[in-house]
Amino acid sequence: MSDITTPPVITYLRSLDAVRDRSTQVYNLGTEGKLDHWTFDEARLAEVVDYCGKIIERDFGTDYARIPPHCRRNHFITPSSNRIATLLANPSFPDKSKPLARAGALIDLYLVSVLLDAGAGPAWSYTETDEQGQVTWQGGRSEGLAVASYHMFVEGLFSSNKENKFQVDSVGLKNLTPELLAKHLQVSDSNPMAGLYGRCNLLIKLGDALASRPNLCSTGRPGDLLTYFEPQITASTLPLSHFWSTLFDLLLPIWPARTSLTSHPDQLLGDAWPCAALAKSLDAAGSGRVEGDDFVPFHKLTQWLCYSLVEAIESEAGWKVERGRGQTGLPEYRNGGLLVDLGALTIKPDTLGPNAYPNGQDKPPVLEPSHPAVIEWRAMTVISLDKIHELLCIKLNVTPDVLGLAQVLEAATWKGGREIAKEKRAGGGPPIDIVSDGTVF
């Protein structure tokens, strides 16, 4: 949420509109062959759409209403268990007569689970067992982290209230340690996890943020946001723009200091980065530059959170979220990897620098999130996802109201990125390895 002390350029770069607007500028550079690190073949998006369409047909036929939106809830559900249904049916969980408390508890769970959900690395997995010690499920990556966070939540790891395990509060979060988190995530020398300390630090900082904002979170819980918004709700409708700015404002202090403008060094921007190719294009246009006009924001983890919390609000609180222009597709390695593996984007390996291929030229390059090639890749992904959504709707002869972007992310692009990666590389890793500290992806 912006106030009078926040300069307009900062407010803009923290907004959803800026994600799509600035990514569009980079996308246009891609179509013109003006990216520094990538070659873009826009015509190959048709092949991506065909690939995605086949996945949707295979898994859902034409029953598009059955496709859930892309959100954290889906990762708690595996073929053998619908853990969210189990949680909702638990006698100790708020019942249907208390919709805000019910949705608030899910917001608590989803928020910590998403913050734990940055790439864990290919070597880590989580083993779920029943009361007799029998293995009931095992998996890694996002699903493994979701199931692990579910068990931490129901065991009360994030709650300081022994009378209510099913909550997350500031005191419970600030009591976490990397060692405690490692124990519950089953991390060991033989089961290593990337970014463990970054994840733990995020949760501790979340505890600090919740405690410092009693106006938003009166009892120090993420779910208190619903109590904050309730007096402002008209016709059971919550504007996405209002929810986004409030959520962004609450979470901004938890992210590591990354980028800021020279004129406002104390105003952090979150997941927003300068793009060298965009800067060169603006310089060449000769129309005059303003500070920050070469920055491209993504806010991936906050967007992933927003998708997830909106689902809880609409499914359990009974409110409708008025999306307006809406969120963007998520600029991460599954959605972006789909474009690379199907040939729409091709890296220019000679542009990446001498340290980009530590595992050999036949292996994916390894890049920091701040690398200019990663910035270009993510921006191209954002707008390509919009294009894929549009082309999929045309191909399937449906409107965007019938098949939304969030559904395409869930049923096609994210899933497709994972599936094509398994076809292309042993272990199913992405075509670009991004160094993860658990706070960007």
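## Helix 6 and the empty spaces of a predicted model

At 1.5 Å a residue, the 14 residues of helix 6 (residues 141-154) should span 20 Å, and the end C-alpha atoms of helix 6 are 20 Å apart, which agrees. The expected span is 1.5 Å times one less than the number of residues, and helices (H or I, at least four residues) and strands (E, at least two) are DSSP runs, numbered from the N terminus. This is a predicted model, in which local features need pLDDT of at least 70 and side-chain atom pairs count only at pLDDT 80 or more, while totals for chains, interfaces and linings use all residues. Residues are numbered from 1 along each chain as its sequence is written, and side-chain values use heavy atoms, with hydrogens and water left out.

**Exercise 1.** Describe the surroundings of helix 6 and the backbone at R141 and G156.

*Solution.* Begin with burial, where buried means under 20% relative accessible area, exposed over 50%, and partly exposed in between (1.4 Å probe, protein chains only). Of the 14 residues of helix 6, 13 are buried, so helix 6 is largely enclosed by the rest of the structure. Next take R141, which is found in helix 6 and counts as buried at 19% relative accessibility. R141 has a positive phi of about 50 degrees although it is not a glycine. Finally, just after helix 6, G156 takes a positive phi of about 85 degrees.

**Exercise 2.** Find the cavities of 30 Å³ or more and state what lines them.

*Solution.* First fix the rule: on a 1 Å grid over the protein atoms alone, a cavity is a set of points where a 1.4 Å probe fits but cannot get out, a pocket is an open set with protein on both sides within 12 Å along at least five of seven lines, and lining residues have an atom within 4 Å of a point. Grid points are joined across faces, edges and corners, and a volume is the space filled by probe spheres set on the points. By this rule there are 2 cavities of 30 Å³ or more.

The largest cavity has a volume of about 230 Å³, and of the 19 residues that line it, D117, S142, E332, Y333 and W414 are the closest to its centre. Helix 6 gives the most to this lining, with 3 residues. For the classes, Ala, Val, Leu, Ile, Met, Phe, Trp, Tyr, Cys and Pro count as nonpolar, Asp, Glu, Lys and Arg as charged, and the others, Gly among them, as polar. The lining of the largest cavity then has 8 nonpolar, 5 polar and 6 charged residues.

The second largest cavity holds about 70 Å³ of space, and its lining residues include F248, W255, R258 and D271. Here helix 13 supplies the largest share, 3 residues.

**Exercise 3.** Characterise the largest pocket and the second largest pocket by volume, central residues and lining classes.

*Solution.* Start with the largest pocket, in which about 650 Å³ of space lies. Its lining comprises 21 residues, of which R323, P400, G404, L405 and A406 lie nearest its centre. Helix 13 (300-317) provides the largest share of that lining, 4 residues, and the classes divide into 7 nonpolar, 7 polar and 7 charged.

Then turn to the second largest pocket, with a volume of about 500 Å³. It is lined by 21 residues, and P122, R141, G429, P430 and D433 lie nearest its centre. This lining divides into 11 nonpolar, 6 polar and 4 charged residues.
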